[in-house]
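I sat down with this one to jot a few things as I went through it. Here is the structure, so you can follow along.

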Amino acid sequence: MKFSHQIQFNAVPDWADYYLPYSNLKKLIYSIEKDRVTNQSQHPDGGDIETASEHTALIRSTNPIEVDNQQFITALNKSLDKIVKFYAKKETELYDEMDELLGDFEYLNKHDVHLASEVRRLSSHAPETLLEEDDHVRSNTNQLPRRESNVEGDSFLPPNIISKNVNDTDPAAEFLLPTDDSTYHDPANANRLPMWPREIMHDVVELRKRTVDLFVLLSELKSFVALNLTAFAKILKKYDKITNSSIKRFYTSNYVTTAYPFKNSTKGRLNERIQLIERAYALLATGNNIDQAIEELKTHLREHIVWERNTVWRDLIGQERRTQTVGLSDGKPTSVYTPFGVIHISREQILNYIYALTSFVVFFALLKAEIFNTVEQNNCLAILVLASMLWAGEVMPLFVTALLVPLLIILLRVMRSDDGLYTRLDAPNATKRVFSAMFSPVIMLLLGGFSIAGALSKFGIAKSMATFVLSKAGTRPNRVLIVTMMVATVSSMWISNVAAPVLCFSLIQPILRTLPVDSTFGPCLIIGIALASNIGGMASPISSPQNIIAIQNMNPPPSWIDWFVISIPICIIGNFIIWLWLLWNYNPEKHTPHIHSIRASSDPITGTQIYVILVTLFTIVLWCLAHSYEHLFGDMGVIAIIPLIAFFGPGLLTKDDFNNFLWNVIMLAMGGIALGKAVESSGLLKTIASEIEILVTGFTAFEVLFVFSGLVLIIATFISHTVAALIVLPIVAEVGAQLDNPQPRILVMGTAFVCSAAMGLPVSGFPNMNAISQENELGKPYLTTKDFLINGVPSSIFSTLCIATIGYGLMVVLGF
């Protein structure tokens, strides 16, 4: 990994502005190099320029190399000054807080004579004396991994711990739990552990929490120093290499090592403070057992790494990368010798090539066949079949197939005029029609949804709301399961059912780590999140791509209020039915009567978070009232521009956030819209719908919905939900329009909901793929395909029945 990425990922997010700006300094180096090349081209003889070294004067305006050095050193000094001021401020805050903590220990003196003597030692503020008096403590404390050695990733811990949400679940909480006696102590440590009276139990718990908080914050500060020290070394090395200079040793010895944060005395004092905190924690929680204290504090470190660094979008990127390798075997590839060299190819690749070749053979065969009366319909059918086969087989990325669609539409000239004459359009006119259709208001709605999801995730709003709700769920597994499922569904409503399971899986890690080995609650909770996230895919117009495609095929499109009136009851009932099914299958409380609770975030709400919430609520309200303001905005896609401007304009979301949007999903949606437009314009859609209409003659809209629901449920279980919607929804809309009692909106919306309800296999949607990849600490997967067959297939059927009955009734009531 490049160091610019490493420092970005390992930096404490709240302190990001105070690290060495490594990327900016790299750009400065390349700029200096460019200027030097230009100067050398203007002075080919080289003049009397001398090579810079640590003995060269740093300020000499007559020497271009020294001028360049001074420019770079000035930039370094500015960054160094910023780092020094920030460190001094943080050090003062933390040391003052630590002094206050040790002062509060005095309150416990009167309750334990042994503790009183230990507190006097701690309160003396002389850690070096403490270490000299107890060699055993020093040797054990030194076993704790020190953070500066972790910058290069050579330890099990990353080089920093995140500062927020430090009050996490404590795996050693049983040491301080009161019993029925007036005092409590651990029998194993009866000779050393202070006996805590019941009346001070709350104070003891609070002191220990504060001790853990300080340990984490001091570890962050130590990581801050180590990461910046490594950054200086690397950027100086790069400057010397690029500019053929040698100022690294000079600058390091004269500037970096003499700066306050990087002095040995400063780092030593910080180490002593951390060791003192370890000793204080040992007094409170482990009966003066320093080894056990260090292990428990290391557990807290790991929990904070998972809790804070498992951000939604970073995990999302990682999951997306991993899904690119789904289906690839770990087996040894076959070597094929050719005149041009050796080609290594696997069995899966061979099968993919055969499938792709078959798809194109079918495509060319359909081009030659005369199935319909017009060449536009024949060509469009060939494109439709080819796209469907490539999407179903996933022999290439889905968005690549989507890009192939408009290319073939133009080349094969399947578009016709809409002036009633239906003349075949030439390439220039067809291009205008296709690309104007691809970038429709629906795509802007999708972008607006991504911007809201990005802001809610980046500023911790989604996680804070989720942890607040989960903290109220208690410790009963049954209750925690239904609450977690509802959190997953509601999260899917606003940050998409792709990001929601990533968020929820990161939230439940403290629960999973504390479960017994044979507990069934772990698999039950994970599959519950996956199924609830799939259900959440129908909760709002922006919760999944298939909903966007449904809106594209509904005229007029439903308002957000109409959508919520239909989707929310289905989601609630569907989740409740799935919850009962999971309880019946897993019976989690039989093996795990109680679990550790999730602690709500204690971070104060910021002005930025309030701004994001207000913009989000304002946008949602406008979406709900879009029909009332249609004369002003024209379409919901125009309203979606508001959050884009509101978040990116002030710099809350950056260019990197914009680049991290799921552009593959956007391109897939655009390709699907282009295909739908071509099927409609060529006349193929009307022809197919007419044939299906003959088959469903005499059927009511309810019966047609039931038939299509079963068909789509099977298709979407094996292929992508979005692909199923792309293929089926245009046909469903046309069939519904040609019924005796036309109700195309009911059929389209119901069928789109069924796409989200298809969750019978591990490959049925991103939530399922994410769930099947979850492993315990031993690397064993929590779920197998059998779990999805036993739970996912029945859940899909139950949800489809709810859509075809309750959903149909609600849509009829609303006049769809």
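Below are my entries, from the whole chain down to single residues.

**Entry 1: the chain.** I started by noting that this is a predicted model. I looked up the secondary structure and found 35 helices and 4 strands. The chain has 816 residues, and 53% of them count as buried. I also checked how far along the sequence the contacts reach: among contacts with a separation of 6 or more, 76% join residues 24 or more positions apart.

**Entry 2: the cores.** Which residues have the most contacts inside the largest nonpolar core? I found Trp391, Ile409, Leu481 and Trp623, in a core of 165 residues. Helix α18 gives the largest share of this core, with 17 residues. I then followed Trp391 to its partners, leaving out residues up to four places away in sequence. Trp391 touches Leu398, Thr401, Ala402, Val405, Leu668, Leu675, Val723 and Leu726. A second core, separate from that one, has 58 residues, and I noted Tyr22, Ile29, Leu101 and Phe262 in it.

**Entry 3: α17 against α18.** With α18 in mind, I looked at how α17 packs on it. Helix α17 covers residues 461-471 and α18 covers residues 477-507; their axes lie 10 Å apart, at an angle of about 40 degrees. That angle makes α17 oblique to α18. The two helices cross in a right-handed sense. On the α17 side I listed Ala462, Lys463, Ala466, Thr467, Val469 and Leu470 in the contact, and on the α18 side Val483, Thr484, Val487, Leu503 and Leu507. Sorted by class, this contact has 8 nonpolar, 2 polar and 1 charged residues.

**Entry 4: α27.** What covers the buried residues of α27? I first picked those residues out: in this helix, residues 641-648, they are Pro643, Leu644, Ala646 and Phe647. Their cover includes α16 (441-458), α24 (607-624) and α26 (636-639).

**Entry 5: Leu94.** My last stop was Leu94, which sits in helix α3, residues 64-104. Is Leu94 buried or exposed? Its relative accessible area is 6%, so Leu94 is buried. Setting aside residues up to four places away in sequence, I found that Leu94 touches Leu214, Leu217, Leu218 and Leu221. For one of these partners, Leu218, I looked up the C-alpha separation from Leu94: 7.3 Å, with their positions 124 residues apart along the chain.

How values were computed. Residues are numbered from 1 along each chain as its sequence is written. This is a predicted model: local features need pLDDT of at least 70, side-chain atom pairs count only at pLDDT 80 or more; totals for chains, interfaces and linings use all residues. Side-chain values use heavy atoms; hydrogens and water are left out. Axes are lines fitted to C-alpha atoms, for helices over the stretch in contact, and angles run from 0 to 180 degrees between N-to-C directions. Angles under 35 degrees count as roughly parallel, over 145 as roughly antiparallel, 65 to 115 as roughly perpendicular and the rest as oblique. A crossing is left-handed if the near helix is turned anticlockwise from the far one by less than a right angle, and right-handed if clockwise. Contact means heavy atoms within 4.5 Å. Ala, Val, Leu, Ile, Met, Phe, Trp, Tyr, Cys and Pro count as nonpolar, Asp, Glu, Lys and Arg as charged, and the others, Gly among them, as polar. A nonpolar core is a set of buried Ala, Val, Leu, Ile, Met, Phe, Trp, Tyr and Cys residues joined through side-chain atoms within 4.5 Å. Buried means under 20% relative accessible area, exposed over 50%, partly exposed in between (1.4 Å probe, protein chains only).
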